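Student: I've just opened this structure and would like someone to walk me through it. Could we take it piece by piece?

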Amino acid sequence: MGSDDRLRIRWPVPLPGGRRVVLRHRSSGAVRPARLADDRCSAEVGVGDLAPGIWEPVIETGGAGDTGGTGCPLLTDDPGFSLEELRAYADVPRDRAVRVARTRAGHVRLRVRQVAPHAEVEAVHPHDGEIEIVGRLAYTGPRPEESAHLVAAARQGKAAVAGEARLDGTGFRGRLDVEAFAAAEPALWDLWLDVGDVHARLGTWLDDAPGKRGKLSYPRQVAAPGGREMAVRPYYTERDQLAISCRPVGDDGT
């Protein structure tokens, strides 16, 4: 499936007459027929306007207007995952995302969900008194005329720390100053990328690898702008959002 929201399916031998390929919504039973190619060895269907939820491609007997029975689920050996394709898909403005996957039983399955713009984090580099973050804007498209900056908002209270950010297409690269966190009160900080009217939460979701907390860690940096040593480090929350922890040395588990 490409960024044009067209699902294309191919198989090696022609589909017998009287059979068709449809997408069936698991919860409602709604059906979306696919268009068969003349050689009956492939089918194509638009999926950009499908209702949220799980859709299953099946082969069934029936004609136009016939919702058919349960049908035969499509089998595949394609894992349905390409990070580059997912990134290209997220480069297009959209409020609904469709993900194709293969179940453990080998069946094709589509997951449709509502989405909002976010800042997809691809790399984090804590070094030399800075936290450098590299990523891309997702689901909002390039914004070539807009200025950008990183914003860290304290989870409790109204304190904020701002950092510079540069855009290149949908890509961004930003930096946050460790001393700015160390000079504030100890806190946990949530991170955002502001680009024009877009307020995009930083996190990593496109890599299809949930549960980064406890699996992926970053080194701390110590700063003492007021004579009090503070440990500052990036970390992932339970929802795979990127955040910053700033604690007095000794209270940060070290």
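Tutor: Gladly, and please keep in mind that this is a predicted model. A good place to begin is β5, where four of the five residues are buried, so this strand is largely enclosed by the rest of the structure.

Student: Which strands sit in the sheet with β5, and in what order?

Tutor: The sheet is an open one made of three strands, and its order is β1-β5-β4 with antiparallel pairing. Its edge strands are β1 and β4, the latter covering residues 35–36, and each of these pairs on one side only.

Student: How many bridges are there between β1 and β5?

Tutor: Five bridges link β1 and β5, and the two strands pair in the antiparallel sense. One position you can look up is R6, whose bridge partner in β5 is G46.

Student: And how many bridges join β4 to β5?

Tutor: There are two bridges between β4 and β5, the latter spanning residues 42–46, and these strands also run antiparallel. R35 has E44 as its bridge partner in β5, while L36 has A43 as its partner there.

Student: What lies between β4 and β5 along the chain?

Tutor: The two strands form a hairpin with five residues between them, and in that turn R40 has a positive phi of about 55°.

Student: Changing topic, which residues touch the most others in the largest nonpolar core?

Tutor: That core has 34 residues, and the members that touch the most others are I133, F181, W189, L191, L193, L202 and L242. Strand β15, residues 187–195, contributes the largest share of this core, namely five residues.

Student: What is F181 in contact with, if I skip its close neighbours in sequence?

Tutor: Once the neighbours within four places in sequence are left aside, F181 is in contact with A152, V161, L176, W189, V232, I244 and C246. There is also another core lying apart from the largest one, with 25 residues that include L15, A34, V98 and V108.

Student: Where is A183, and is it buried or exposed?

Tutor: A183 is found in the loop between α2, which covers residues 178–182, and β15. Its relative accessibility is 57%, and because exposed means over 50%, A183 counts as exposed. You may also want to locate R228, since A183 and R228 are 45 residues apart in sequence and 8.8 Å apart in space, taken C-alpha to C-alpha.

Student: Let's talk about pockets. What is the volume of the largest pocket, and which residues lie nearest its centre?

Tutor: The volume of the largest pocket is about 620 Å³. Its lining consists of 30 residues, and those nearest the centre are M1, L7, R8, D78 and V100.

Student: Which element gives the most to that lining?

Tutor: β8 gives the most to the lining of the largest pocket, with five residues. At least two lining residues come from each of β1 (6–10), β7 (72–73), α1 (83–90) and β8 (96–102). Sorted by class, the lining of the largest pocket has 19 nonpolar, five polar and six charged residues.

Student: What about the second largest pocket?

Tutor: The second largest pocket holds about 480 Å³ of space. It is lined by 22 residues, and the closest to its centre are R99, R111, W205, D208 and P210. Two or more residues of this lining come from β8 and also from β9, which covers residues 108–114. By class, the lining of the second largest pocket divides into nine nonpolar, three polar and ten charged residues.

Student: How many cavities of 30 Å³ or more does the structure hold?

Tutor: The structure holds one cavity of 30 Å³ or more, and the volume of the largest cavity is about 70 Å³.

Student: Which residues line that cavity?

Tutor: The lining of the largest cavity is formed by L86, Y89, A97, V98, R99, R111, R113, Y139 and L206. The elements giving two or more residues to this lining are α1, β8 and β9, and β8 gives the most, with three residues. By class, the lining of the largest cavity has six nonpolar residues, no polar ones and three charged ones.

Definitions and conventions:
Residues numbered from 1 in each chain as written. Predicted model: local features only at pLDDT ≥ 70, side-chain atom pairs only at ≥ 80, totals over all residues. Heavy atoms only, no water. 1 Å grid on protein atoms, 1.4 Å probe; cavity = no way out; pocket = protein on both sides within 12 Å on 5 of 7 lines; lining within 4 Å. Points joined across faces, edges and corners; volume = space filled by probe spheres on them. Nonpolar A, V, L, I, M, F, W, Y, C, P; charged D, E, K, R; others polar. Core = buried A, V, L, I, M, F, W, Y, C linked by side-chain atoms within 4.5 Å. Buried < 20%, exposed > 50% of the residue type's maximum accessible area, 1.4 Å probe, protein only. Contact = heavy atoms within 4.5 Å. Pairing = 2+ DSSP bridges.
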